[in-house]
Amino acid sequence: MDELKKALKIAFASEFSFYLKAHFFHWNVEGSLFKQLHDLFGVIYEEVYDSIDDFAENIRKTGSYTPGSFQRFSMLTQVDDEVNIPGPRDMIEELLTDSDKMAGICKMVFDLAEQAGEHGLADFLAGRQDAHRKHSWMLRATLKDL
Ligand SMILES: [Fe+2]
């Protein structure tokens, strides 16, 4: 259970980092594909943001406190911070790498939740894995002719 709680906090911090990066790209993307990419990053950050409260409350359900500061998030996250403004193609590639990573993290924590018999939590994580697979599909499809 301790391993599950720790992995869940890492997944949550990573999810928050992913959300922030998608919103950051939504704000700062430029170029001839502005409208399309601004909207795509918008769809992604909104979906992820909508999961954040449930994610944190699932941590509380395990009896742990949830991290909620930039310092703690930066200690826990496995999604690299981005401080520069990448070009549009680099934004898509970076978010795709991160989305694939998030799907893998969700799968790993899902397995721990299943082993612990935490089926409700596992169900939530299965949903997050599937959401990231959808984000990855949309990003990969957008990259195809860029
Ligand atoms: Fe906006």
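Biologist: Which residue follows α4, and what is the sign of its phi?
Modeller: Helices here are DSSP runs of H or I with at least four residues, numbered from the N terminus. In this predicted model, where local features need pLDDT of at least 70, side-chain atom pairs count only at pLDDT 80 or more, and totals for chains, interfaces and linings use all residues, α4 is followed by Gly 117, whose phi is positive, near 75°. Residues are numbered from 1 along each chain as its sequence is written, and side-chain values use heavy atoms, with hydrogens and water left out.

Biologist: How many residues does α4 have, and what span is expected?
Modeller: The expected span of a helix is 1.5 Å times one less than its number of residues. With 28 residues, α4 reaches 41 Å from its first C-alpha to its last, close to the 40 Å expected.

Biologist: Is Leu 121 buried or exposed?
Modeller: Buried means under 20% relative accessible area, exposed over 50%, and partly exposed in between, using a 1.4 Å probe and protein chains only. Leu 121, which lies in helix α5, has a relative accessible area of 6% and is therefore buried, whereas Trp 27, in helix α1, is exposed because its value is 52%.

Biologist: Which residues is Leu 121 in contact with, beyond its neighbours within four places in sequence?
Modeller: Contact means heavy atoms within 4.5 Å. With those neighbours left aside, Leu 121 is in contact with Leu 4, Leu 8, Asn 58, Thr 62 and Ala 113, while Val 109 is in contact with Leu 4, Ala 7, Leu 8, Ala 11 and Leu 125.

Note on methods. Helix = DSSP H or I, 4+ residues; strand = E, 2+ residues; numbered from the N terminus.
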